[in-house]
Amino acid sequence: MKDGQRTISTLEDCIDYFRSGETPEADWVVGTEHEKIGVYRESGERIPYEGEHGIGALLWCIAERDAWKPILEGGNVIAMEKEGASITLEPGGQIELSGAPLATIRETCREFNAHVDLLIEESKDFGVSWLALGVDPIHGIEEIPVMPKKRYDIMRDYLPTRGGLAMDMMHASATVQANFDFSDEADMAVKLRTAMGCTAIVSAIFANSSISAGERNGFASKRVAIWRDTDPDRCGLLHFVFEEGFGYREYAEWALDVPMFMLVRDGEYIPARGLPFRRFMEEGLESHRARMADWDLHLTTLFPEARLKRIIEVRGADAVPRDLICALPALWKGILYDAPACRAAWGLVEKWSTAEREEAQLAVARQGLAAELGGQSALELAKELVGIAGEGLGAIAARRPGASDERHFLDPIRAQLELG
């Protein structure tokens, strides 16, 4: 029996899932994910799925041109896979590349640039341009086509009951994220704590969504504000991460009590209607019992600022132009993959209270690098954090014979901070 089909019934089963992600330091890699918002060049309209010049047709062209394996749902291509990477269709027609796990930022950047070059080339005949912004700057939610994906239909039914901006999150926002390994539970705890603690600083650096629905919206990062009004059960900061003794158990206990979106059985999506995973594991849903694949799926529907699966995912940045895309994984690699750098980064935010951490998120959404975080300038904190990341990248290169120094990937951030 494949592990995903194994029935699970205890907290320990859920904890074992995280433990199975432990990876020796020599094998640590970085995965980068980034979304783009497409519009027609002449009209500025968002792109529907259907039609000769729709997203569906464009995805088929990419699959044929570059040998991607299409993933179908109801006869529609909704994703593609190739060599450990995937291209997925987001709720409003945004396209996301989830990059392959790669050892160096140079490889990550090469992969990303090849993807963007291909997307731009294939989009020419469709009359489509792609926006590197954290939110759609032009359209209201009612003007954005929805994509034919059953997972998103269930989310559209459920999330508006939880947050006023949930539909904006699904259809109008775009982000860049990075994924990192951990060696054991203690290493995970240190990294997740640091990532969660520093997320406001990183959000300030990458704030890039000050225009929406055709006008200035009063935010530096409207995307950060949108996520704060999406679903309090599954989004935002997890303050238990900062408590002494945090580990797999505490994250699993939290995730077990978050309402589920859905199950998938034989390719069919079954709405869970807000059933917490803990109750599903105890009682089942209709005739279905909990499986490890259900736990894996459930964890992908939780959206805290830093997320634990079999990897750690950092989620706090708006979508940005090319050079800054490559800088995001480099910044987090320098912080999370060098222990002294990780300690130093945590030291920047360690003394913040719970209230200060929440206030920092609101301040960054409104003011970006002009904000004050925990009584300090966001700009000065950002400069310190980038300096720490640079030292970390230098130390990583020094530990690995033949490894290239990746500190130059931070240069676009440094240039931005000097302007700030």
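## Exercises on a predicted model

Arg-273 is found in the loop between β12 and α9 (277–283). The structure is a predicted model, and the exercises below start from this loop.

**Exercise 1.** Determine the sign of phi at Arg-273, and decide whether Arg-273 is buried or exposed.

*Solution.* Begin with the backbone: phi of Arg-273 is near 55°, which is a positive value in a residue other than glycine. Then turn to accessibility, where exposed means over 50% relative accessible area; Arg-273 has 67% relative accessibility and therefore counts as exposed.

**Exercise 2.** Describe how strands β11 and β12 are joined, and find the residue with a positive phi in their hairpin.

*Solution.* First establish the pairing: β11 (residues 262–265) and β12 (residues 268–271) run antiparallel and are joined by four bridges. Next take a single bridge, in which Val-264 has Tyr-269 of β12 as its partner. Finally, look at the turn of the hairpin, where two residues lie between the strands and Asp-266 takes a positive phi near 55°.

**Exercise 3.** Classify the ring pair of Phe-240 and Phe-246, and place the two residues in their aromatic surroundings.

*Solution.* The count of aromatic pairs comes to 15. For Phe-240 and Phe-246, the ring centres are 5.9 Å apart and the planes stand at 50°, so the pair is tilted, given that stacked requires planes under 30 degrees apart and edge-to-face over 60. Both Phe-240 and Phe-246 are buried. Ring pairs also link these two residues into a cluster whose members include Tyr-17, Phe-18, Phe-182, Tyr-248 and Trp-254.

**Exercise 4.** Identify which arginines have a charged end over the rings of Trp-227 and Phe-242.

*Solution.* Over the ring of Trp-227 sits the charged end of Arg-315, 5.4 Å from the ring centre. For Phe-242 the arginine is Arg-357, whose charged end sits over the ring at 4.0 Å from its centre.

**Exercise 5.** Characterise the second largest pocket by its volume and its lining, and examine Glu-83 as one of the lining residues.

*Solution.* The space in this pocket is about 220 Å³. Its lining comprises six nonpolar, one polar and five charged residues, among them Trp-68, Lys-82, Glu-83, Arg-110 and His-115. Helix α3 (residues 105–123) gives the most to this lining, with five residues. Glu-83 itself lies in the loop between β3 (76–82) and β4 (85–89), and its phi is near 50°, a positive value in a residue other than glycine. With a relative accessible area of 71%, Glu-83 is exposed.

Definitions and conventions:
Residues numbered from 1 in each chain as written. Predicted model: local features only at pLDDT ≥ 70, side-chain atom pairs only at ≥ 80, totals over all residues. Heavy atoms only, no water. Phe/Tyr/Trp six-rings, centres within 6.5 Å; stacked < 30°, edge-to-face > 60°. Buried < 20%, exposed > 50% of the residue type's maximum accessible area, 1.4 Å probe, protein only. Lys NZ or Arg CZ within 6 Å of the ring centre and 35° of its normal. Pairing = 2+ DSSP bridges. 1 Å grid on protein atoms, 1.4 Å probe; cavity = no way out; pocket = protein on both sides within 12 Å on 5 of 7 lines; lining within 4 Å. Points joined across faces, edges and corners; volume = space filled by probe spheres on them. Nonpolar A, V, L, I, M, F, W, Y, C, P; charged D, E, K, R; others polar.
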